[in-house]
Amino acid sequence: MENTIREAFSYDLIPLRIQLPEIRLLELFPAPDFTDDLWCRLYTDSGGPFETPSYCALSYAWGNGTKSHEIFTTKPAEATDREHGASLAGPPINGSGLDDNPERESLSIPITASLDSCLRQLRSFCELGPLTIWIDQICINQSNDQEKSAQVELMRKIYSSAQQVFIWLGPTADGSDDVMDAHAHVAEIFREHYETGALGDHGDAPQQYLVAHFIKCKGYWLQPSFQHFIDEVVRIYAPLIRDHKLQKWLSREWFSRVWVKQELSLSRDAVFVCGNKPLKAVQLYVSALLFQGILYPITAGFPADLPKMTTDILRPLATSMSLFDWLFDNLSAITAVLWWQLSTRLGEGDRSLFELLKRLYTNPTCESISSKYRDRIYGLIGLASDADDLDLRPDYSDQTRTTMILTQTARALIEKGHAQLEVLSMAQFPKRGVREMEDGLDEQFPLPSWVPDWYNGLRTPYRGGFGQALRSSSASLNTSVQVVPTVFQSTLGLRGFLVDTIEEVGSYTLARESSGAAADDYYAECYDPLCSVKQFWHQSVKKKHSIDSHAPRQNKAFWRIPIGDIWLGSESKGGPIVEIRPPSELGAHIFEQALQFCKIRMSIRQQWTQHAIPDVEFKPILSQAEQEIVQHAKDREGLLFDYLGHLKVARTPPYLTKKGYLGLAPLHTQPGDLIVIFSGGKVPYVIRPVTTDTDRYRPDENDNIYTFVGEAYCDGIMDGEFMERAGEIQDFFLV
């Protein structure tokens, strides 16, 4: 090849007709040696790539985006044949990338180091000839915004039509071979018992369903048909945790990419590849779900009825219970996407864009990353069942700012989507804004207060989606959403009702709800807010205009408020876990026990900070009564244990209104803020009056301009009680 002339590849040689469902495909040619140059043939296909697909697709992480490597193709010898929808970029003649004509010019296509290592590994699998594959980095002209927007719109078809999707996790490193072998081993063990009927009569249920059924059953680890699985699976995974192999494998970049959710979920047949180890998606789903199920009871402390062998193996690894929380959250993120893949093929589940966004960005542990902020939306549109109704089109032009895209998305979800005003519950503070390049400068552009930023770690909304029991109830009863037209897209006009003005706001903390050892700090942080609830309740009862001051409901408010009057349980024996109202057995005694337990946790934390002997085990000093409360709180079958697990009060401060309403408010709520119920809204919201430049708004908007603060819980009006005495409907303009 010494005489071969190499020049830079140009997409002008094989342009795409973006008005057609046309894509480029790449043929990757085999080579005798792993280190040989990469060679390919790149061509377009508009002759039915989705009707009769004969290609694979690739899902991978780009890395830092620097294109430091290259793949070669040869310059076309003849003019492009557009009649057949194919434009050849010179296929190598002898299959190894070497052209019989040494004077033929070769073209260099720059690629990232990540893609280079991936293609070399996939090429080693090409024993029967070239591999036809779609790769976004090569098959889309990334510098052409118009083409990129059109191709992203085709992503749903591209991945759902592919014969197979290869998921590249990266080269062998940090014990990844052992992790891949462990997943395959666990899946094989389960498959053998599944097929032999050792797990009982399961009919025609797929093995994925059977695993999911087991881990959803309370105390599933006590079932004889499942106990031997637990011990065997733990023995396989424990060394990987001890040596940090599983943690490093789960930390690979692919798992944090936004786009992979769509790419995997839409695939008909997905194969994970790490180094030279392949693993079927169903194998990973079964193995990860099994271990996730084992970790679930451990995240709340080792239950006494957990099999002894499992406890003996895992307890020494629990140097920090947060490790098990982290493993559980990361495995949950994987199994959730794998479940999306299964449910997509079966046509099950709520796959609206709002539900996808909510599920992805409310995980506090697993970050989702995209190179462009707008891809936090575009990476899920192809997966959304209501994408056509929302009429959102990918737009990568520099003229369209990401803040505009986020605003358009929020408005479309409110006006055209299934969730409607539930979208407002995701518009949480603090807002991070969106950083973009403007005139060569990195600038931050603020979002309207009512527009979600869809950043990582958003809080689960009041109606968290654990079931349908409470979704039929609504603070606004059966009213429908009424959007008021506005001049500016950034202003949202809604009709609704004023409930009251907030008079006092209690204390709160930035601690997150948690489990295991991390929950101790959370419970300590709950003490002051619980005291605020009790204080506000006494003030509410004394108010002259207190709402229903003599009603039995108000006497229960102080213990209902800290948990938002929501309980996770079954409506019937053995039924699914859904959102229900708290059981009648709860009351003042459980609230007082929770208050005492949180006070004890705060005392233990103070003792710990004063413990200054590093090599001496810390043992808190507790009275007999305090020890009994702590033991009671650990009783997994007790109401106190469940009540503590439902506390929401630390991150949603309690409030008291002028008329005596009590509830939980979003962070950063201030005295003087308003509680409102928008027409068609399922929960009340907090808004704040603002004074602003009148030139930006219509004259009739000036007296009703507000910033949006967030959703709220308001005791006694969550099921529409206020609507019976609501005053005149008003216009509210949110900016």
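Which handedness, left-handed or right-handed, does the crossing of H18 and H20 have? The tour of this predicted model returns to that point after a stop at a sheet.

**First stop: the sheet.** Select strands S1, S6 and S5, which form an open sheet in that order with mixed pairing. Its edges are S1 (6–8) and S5 (69–74), each of which pairs on one side only. On average, neighbouring strands of the sheet are turned by 40° against each other, direction ignored. Next, display S5 together with S6 (residues 106–111): the two run antiparallel and are joined by six bridges. Within this pair, His 69 stands opposite Ile 111 of S6.

**Second stop: H18 and H20.** Select residues 527–542 for helix H18 and residues 588–609 for helix H20; the two pack at an angle of about 145°, and their axes lie 9 Å apart. Their crossing is left-handed. Show the side chains of Tyr 527, Leu 530, Cys 531 and Lys 534 in H18, which meet residues of H20 including Phe 591, Leu 595, Cys 598 and Met 602. The residues of this contact comprise eight nonpolar, three charged and no polar.

**Third stop: H20 and H21.** Keep H20 displayed and add helix H21 (residues 624–634); these helices pack at about 110°, with axes 10 Å apart. At an angle between 65 and 115 degrees, H20 and H21 therefore count as roughly perpendicular to each other. From H20, select Gln 593, Gln 596, Phe 597 and Ile 600; from H21, select Glu 626, Ile 629, Val 630, His 632 and Ala 633, which together make the contact. Here the residues divide into five nonpolar, three polar and one charged.

Definitions and conventions:
Residues numbered from 1 in each chain as written. Predicted model: local features only at pLDDT ≥ 70, side-chain atom pairs only at ≥ 80, totals over all residues. Heavy atoms only, no water. Pairing = 2+ DSSP bridges. Helix = DSSP H or I, 4+ residues; strand = E, 2+ residues; numbered from the N terminus. Axes fitted to C-alpha atoms, helices over the stretch in contact; angles between N-to-C directions. Left-handed = near helix turned anticlockwise from the far one by under 90°. Contact = heavy atoms within 4.5 Å. Nonpolar A, V, L, I, M, F, W, Y, C, P; charged D, E, K, R; others polar. Parallel < 35°, antiparallel > 145°, perpendicular 65-115°, else oblique.
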